[in-house]
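Trainee: I have the coordinates open and would like to go through the terms used for them. Could we take them one at a time?

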Amino acid sequence: MKQFRIYTEDKNREEIQEETAVCFANFTIYLVEGCYQGQSEQSLVIEIITDEKEYPLVKTLAESIKHLNNQQAVCLTIQDIGVTTI
């Protein structure tokens, strides 16, 4: 399994949540404070845990969020994780 995280500015939160829900049934959105080029900003981290084969869809979602928030870039991290549901 992979843990994907998309880091973006906290803008258009409802639209981001709706767009993420169209792509994935399960995800978490964290409200955080981040810094971009030395400037503090309210940020969102969208966390999606899914199979590696979903990477193209996650990348497309990240690109869509980038355009929606009119940003130069968003950060997409990918990490191998072990998952157990209880």
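Trainee: What is the bridge partner of tyrosine 7 in strand 4?

Mentor: Cysteine 75 is the bridge partner. Bear in mind that this is a predicted model.

Trainee: How do you know that strand 1 and strand 4 pair?

Mentor: Pairing needs at least two bridges. Six bridges join strand 1 to strand 4 (residues 75-80), so the two strands pair; they run antiparallel.

Trainee: What makes strand 1 and strand 3 a pair?

Mentor: Eight bridges join them, against a required minimum of two, so they also count as paired, and they run antiparallel. Within strand 3, glutamate 47 stands opposite arginine 5.

Trainee: Why is glutamine 3 called buried?

Mentor: Its relative accessibility is 13%, and buried means under 20%, so glutamine 3 qualifies. Glutamine 3 lies in strand 1.

Trainee: What makes the link between the side chains of glutamine 3 and glutamate 47 a polar contact?

Mentor: The distance is 2.8 Å. The limit for a pair of N or O atoms is 3.5 Å, so the pair is within it. Beyond four places in sequence, glutamine 3 also touches Ile48, Thr77 and Gln79, among others.

Trainee: Which elements each supply at least two residues of the largest nonpolar core, the one with 11 residues?

Mentor: The core includes Phe4, Ile6, Leu44 and Val58. Strand 1 (2-9), strand 3 (39-50) and helix 2 (55-68) each supply at least two of its residues. Helix 2 gives the most, with four.

Note on methods:
Residues are numbered from 1 along each chain as its sequence is written. This is a predicted model: local features need pLDDT of at least 70, side-chain atom pairs count only at pLDDT 80 or more; totals for chains, interfaces and linings use all residues. Side-chain values use heavy atoms; hydrogens and water are left out. A nonpolar core is a set of buried Ala, Val, Leu, Ile, Met, Phe, Trp, Tyr and Cys residues joined through side-chain atoms within 4.5 Å. Buried means under 20% relative accessible area, exposed over 50%, partly exposed in between (1.4 Å probe, protein chains only). Contact means heavy atoms within 4.5 Å. A polar contact is a pair of N or O atoms within 3.5 Å; within protein, one must be able to donate a hydrogen and the other to accept it, and residues adjacent in sequence count only if both atoms are side-chain atoms.
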